[in-house]
Amino acid sequence: METRYLKSLLAVVDSGSIAEAARTEHLTAAAIGQRVQVLERELGFALLSRSGHAARPTPACSQLLPRMRRLVREAALLQSDVGTDGLSGSLRIGAVSTLLTGLLPCALRRFTQAAPDARAVIVPDTSRGLYRLLQAGEIDAALMVAPPFAWPRALRAVALRAEPLVLLAPPGTRGRPATLLRRLPYIRYDPNAWGGRHAAAWLADQQIAPTVLCDLDALEAIALLVADGMGVSLVPQWPGIERFSADCRVLPIPGAAYARQMVLASPAAPDFPRLLELLQQSLQAPPA
């Protein structure tokens, strides 16, 4: 069975369209369709259910998807195994938005300079989503917020940085954090997000119940709303926050317990141990 054909089928499943899969695979739609037909003949049952321009996996195909992904992944790993230094291959790196625009760009520059034969594939998502992708084996590493529970044995994590809690207030406001939170609308870092629980804990400890304007799991957007005078917010002080909060008052919130912990998470038995080691070194290197 051709793993290339499996890869094309997965492209259809992931995109929901043969035409979109053809663009991803740099093939014609007819060629993608032929590959799927070959697989269907080999397996003896239909793999896709078509409706208009959309294509979805049949129930039988859905049951086989995890094994198909593993086969395609193992075939791709064969190419990287040829390199003797372990610094080649495609490393799939998931990252939350604040690390995508803060810590990751400089680290990627170091990474690609040290491993020119490697390719970094960046997958943006929330910490909760990245955790699921790690568990499913769909990414090799995740730059994310540490979860509110112990890591399973199949995964490991390395601490990158602690981001202290700060209050963002509109320009021209006066007063201490507690006073501003009681007086102005509160743009809440979603308490259901793993990073949002620290702000919720501080408010509970201070017995403050602000008037919530809205919930957001997008720190950059929160900072821009505060700068526009919409309200105040409690957020972690992430690298690059100054680009979005230049017009805000930034007031520190004391207490290490309220800091957001950022980690590099990966499988305990990774496919690319040398590349992961290099990524960790690149992330932990001091700024140039």
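Here are some short exercises on this predicted model, each with a worked solution.

Residues are numbered from 1 along each chain as its sequence is written, and side-chain values use heavy atoms, with hydrogens and water left out. Because the model is predicted, local features need pLDDT of at least 70 and side-chain atom pairs count only at pLDDT 80 or more, while totals for chains, interfaces and linings use all residues.

**Exercise 1. Get your bearings**

Task: find how many helices and strands the protein chain has, and what share of its residues is buried.

Solution. Start with the DSSP runs, numbered from the N terminus: helices are H or I runs of at least four residues, strands are E runs of at least two. That gives 12 helices and 12 strands. Next, the C-alpha atoms fill a box of roughly 70 × 50 × 35 Å along the principal axes. Now for burial: a residue is buried under 20% relative accessible area, exposed over 50%, and partly exposed in between (1.4 Å probe, protein chains only). Of the 288 residues, 43% are buried.

**Exercise 2. Check helix α3**

Task: work out whether the span of α3 agrees or disagrees with what its 15 residues should give, then say where its buried residues sit.

Solution. First, the rule: the expected span is 1.5 Å times one less than the number of residues. For α3 (residues 29–43) this comes to 21 Å, and the end C-alpha atoms are 21 Å apart, so the two agree. Second, list the buried residues: I32, G33, R35, V36, L39 and E40. They cover an arc of only 160° around the axis (taken from the directions from the helix axis to the C-beta atoms), which puts them on the same side of α3. The general idea helps here: an α-helix has 3.6 residues a turn, so residues three or four places apart point the same way. Third, look at the other side, where Q34 and R41 are exposed. Finally, the buried residues of α3 pack against α1 (3–15), α2 (18–25) and β1 (48–51), where contact means heavy atoms within 4.5 Å. After the helix comes G44, with a positive phi near 85°.

**Exercise 3. Follow T98 to E220**

Task: is T98 buried or exposed, and which side chain does its own side chain make a polar contact with?

Solution. T98 is in helix α5 (residues 97–101). Its relative accessibility is 2%, so T98 counts as buried. Its side chain makes a polar contact with the side chain of R260 at 3.1 Å. (A polar contact is a pair of N or O atoms within 3.5 Å; within protein, one must be able to donate a hydrogen and the other to accept it, and residues adjacent in sequence count only if both atoms are side-chain atoms.) Leaving aside neighbours within four places in sequence, T98 also touches residues including W238 and E220.

Now move to E220, in helix α10 (residues 219–227). At 13% relative accessibility, E220 counts as buried too. The buried residues of α10 are L219, E220, I222, A223 and V226. Seen down the axis, they fall within an arc of 160°, so they line one face of the helix. G229, which follows α10, has a positive phi near 85°.
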